[in-house]
Every structure is written in structure tokens, then in C-alpha cells.
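Me: Got a model here that I'd like to talk through, strands and odd backbone angles included. Mind taking a few questions?

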Amino acid sequence: MKKFVSILLVIIMCLSYHFILVVHASTLDAKSDSAVMQEGKSAQAQADKPDNEAGAGAKDEADHKDDAASKDDAASGVSMSEVSLCIDNKNVYEGMQQAYANGYQPVCANGNVTLVLPLISDGKLQQDKITASVDLGATDSSPFVFRSYEKEFNCKPEYINGTGETKDIFLVSFELTLSEKRVNGIYPVIINVTGKDENGIEVQKSFTNFVTVADGIDPNAAASGAADTTQAEETSTSAPVVLVDKSVINTDTVKAGEDFEVTVTLKNTSRQKSVQNLVATVNVPSADIELKNDSNTIFIGKIGTQKTTELTLKFHASKSTADGNYPIEIAMSYDDPKASTLSSTGNFVVTVEQPLDVKLTMPNIDKNVTAGDTIPLTFQVMNLGRSTVYNVRCDVTGDGLSQTKTAFIGNMESGTAGEGETNLFITTLEGKSQYGDTTGTVTLTYEDGFGNEQTQEFSFNTTINKMPDEASTGDEKKEKSASQWWISLAVIGGLIILAGAVSGAYYMGRKK
């Protein structure tokens, strides 16, 4: 019995120990699963965190770019001012050798470049003032000494064409200093001009000039100056450059609706290499200017060193072409002596003017007028052209005719009419005859958008008569003279009768 009880206790103890082991293992598994899950969550959090941070950074960067773009857009907004600036391409001013229409080029001398830009405003600017600054391009390839080039210029009379005649203009002029290490070539210089109209709206425009440097380092020479000709030809600076040397228009003024020709001179600036197989492509950006040549591409077989060739280009300006300057580009592709293909571009500017068509309706002036009279006159003017005319006015001149003031109409837009009033005072004629026939002249004066003045003349005939008070005074003098004669005659007769009576009485008395 005791042996049976002992065996039973041993079995119970074994079962109890097995149960404890099973419970402990279950606890360990549960803890392991929890740790794994926690580790997975941490890993996921770590994986998600960079994405969130990157997304936030990208958003901030995008917002920043949007803000920058918005600022750029605001900065590059187009001015709403109706006032604009353009070049006076017809006249030569101080510092210029020729007008822009004849191929003006800045003057290079004594290490300096004199650049002149005569500008016309088609409207009123505040204080008649503009501000001009110079953009010299990239510093690594520029032949200029970089410094701050910014000036203010006022609209004032300037002498033109070497005469005593003047014209009101903004004469923008800069003297640019050349670097001692300048390399010969053609360099663009941009002049940025700003101002404000009478409403405070900004007026801005950029003008590009090309400066030819010919007294510097030969771009075809070796960089060290000691290498032989073969080495110089192998350098990248030895490539020949073809440019637009000048352009000449066959007419003084290009009118809208007319044909015109431009002779363009191309020059190979290289002193060592010729160019061959040159193809010049003419690009006209304005739809109002039409190229009349059979093709816009012209082939030239060869241009020798320092040689030139001419292109004759025919154009037509449509009737709707507005007043202004129109750039025309010539893109050139050519080969050097080693058949390496090179390219360059040049341009010239064509100034187109709308033909003016201004009509005057003459007022009625009597065929007979009287000295001392004042006659009111009203002049009616119509602008039948396609462009605005400026400072329209009428003046009357003539022997015995004196205008009290100019009949001023002002600026007239296309398709409008206006009136100007004045008074005409009638005086006497010069010379021996103060009264009689005379001829008067009405001069209609106006200006185009470039400030060029035009006139029209109209004549009329009239007769100047004496004033009524002068005529009546003469008649009264005649009547008075006649009446005095009769009085004198009556007095003399009375005296004769009286003398006869006295004599008769005296004779009768003596007889008695």
C-alpha cells in the first residue's frame, strides 16, 4: 500500500512539473510576439518618418518656388503705360558719325567707346527725365572694364546734323572704358531705359547696340603669343567670324504701304582665314514687313580674309504697319578652310512711318473787309491717316492781316477731327496804297511720331476798304469847304453894296 502511494506521489509531481514548464513556455511566447510587434511598429515609424519629412521639405520647396515664380511674374509684368520710346534714326547728333538709318556704329578711340542713343518719347514723361543703364554682358568674354554705368537724361534741344538747327530729344550718351586685354570682335551692349509717365506708370525699354573692337588682341593669334601659325590655327579663338558690317536703305523714309530695298554688307573679320559655302537666312519677325526676294536664303561661295560682300534685299511694308523700328535678323552658316561648320548672326533695323493724311477745312473769309475790323475764324482739321499726329495748329499771315493768336488743335488720333479758333485783325496795307487787294496764307502745321514737322499752305484773297469814319470825315470837309466859299462870296457882295451906298450918299451931299 505504501509502495502504491509513493508511486502515485511521484506521478503527481511529474505532472505538476510538466504543467509549470508548459505555462512558462506560453508566457515566453506571448512576450516574444509582443516584442516582435513593437519592433515592427518602430521600424514602420522609422520608415514613415523620412517620407513625411521629405514630403514636408518638398512642399516647402515647392511653395518657395511658387512664391519666387510669383515674384518673378510680378517683376516681369508689362507696363500699361501708353507712352513709348524710340530711336531718332534720321539725324546725326554730337558724338555720332552717321545716323542710325545709315548704319550708325559706336566710336572706338583711345581705349574708350562712345555710345550715343538719341531717343524720342511719344508722350509726356515726369520731369522730362529718363534713367539709362548699360548691360555689358558676361564678364569673362567682355572687352569692357566693368563699373556702374547709370545716368539720368533730360529732354532738351540738341543740335542736329552739324547745323544750328535743334530738336528736343533725350540724348543718351555713355563713354565705356575698354580693357587692356580686349580681344577684337563684335560685342552687344544693351542700354536699359526707364521713366514714368504723367500717371506715374513706369515706361521701360531696352536697346541693343553692337560695338566693333578692332584695336585689341587678334583672336586668331596664339594664346601665348609664342606659338607658331599652325598652333594658332588650331586654337578655338581662330575661327573666322562673319558679321553684318552695315545696312543702307534706298529711301530716306520707309512709308507704310510701299516697297523698299536694303543693301546689307557682310564682312569676314578674320585676317587669316577665309569662309566658304556661306548660307545667309533672312528672318523678319514682323508680319507687317514682307521679304520680296524669291527666297529668304542666299548662298555665297566664298568671302576672303577681311573682305566683304553685299546682299540686296527687297521688302514691302503693309499699309497697316505702325510707326516704329523693326529689327531684321540675318543668320549665317558657313565653313572655314578645314570645312568646319560655323555660324553667326547679325541684324539691322528698319524704321517705318505711316503716311500722314491731314485735311483742313478753310473758314469763310469775306471778299471785302474793312480796316480796323476783327474777324473770328474757326479751323476744322481731320486726321484721315492711320497714326497719331501731334501739335496740330494753324497760322494766318498776309499784308494787312494780323492774327491775334495761333489756332491750336493739339494731338489728334487716327480718324478724329478737331477745331482751332483765332481772331484776324484787319490793318492797312504796306506801301503807298493803304487800301486794296491782298492775299492771305493759312499754314497748317503738325508733327509725326518721330517729331518730324510737316506743313500745308492754303491761300485766300480779300480787299481791304477804308474805315467808315474816315470816309465820312472827308465828305464833311468838302461840304464845309463849299459852305465857307458861299459865305465869303456873300460877305464880299455885301461890302460892295455898302461901299456903293456910302459913295452915293457922299456924292449927293456935295451936290446939295
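Me: How many bridges join strand 9 to strand 11?
Reply: This is a predicted model, where local features need pLDDT of at least 70, side-chain atom pairs count only at pLDDT 80 or more, and totals for chains, interfaces and linings use all residues. Residues are numbered from 1 along each chain as its sequence is written, and side-chain values use heavy atoms, with hydrogens and water left out. Strands here are DSSP runs of E, at least two residues, numbered from the N terminus, and two of them pair if DSSP finds at least two bridges between them. Strand 11 covers residues 259–268 and runs antiparallel to strand 9, and the bridges joining them number seven.

Me: Which residue in strand 11 is the bridge partner of I249?
Reply: Strand 9 spans 242–249. Across in strand 11, I249 has as its bridge partner V262.

Me: Which strands stand at the edges of the sheet, and why is one side of each left without a neighbour?
Reply: The open sheet has four strands, paired antiparallel in the order 9-11-15-13. Each edge strand has a single partner, so one side lacks a neighbour in the sheet; these are strand 9 and strand 13 (289–291).

Me: Is D128 buried or exposed, and what is its relative accessible area?
Reply: D128 sits in the loop between strand 3 (112–121) and strand 4 (129–135). Its phi is positive, near 50 degrees, and it isn't a glycine. Most residues other than glycine have a negative phi. Buried means under 20% relative accessible area and exposed over 50%, with partly exposed in between (1.4 Å probe, protein chains only), so D128 is partly exposed, at 27%.
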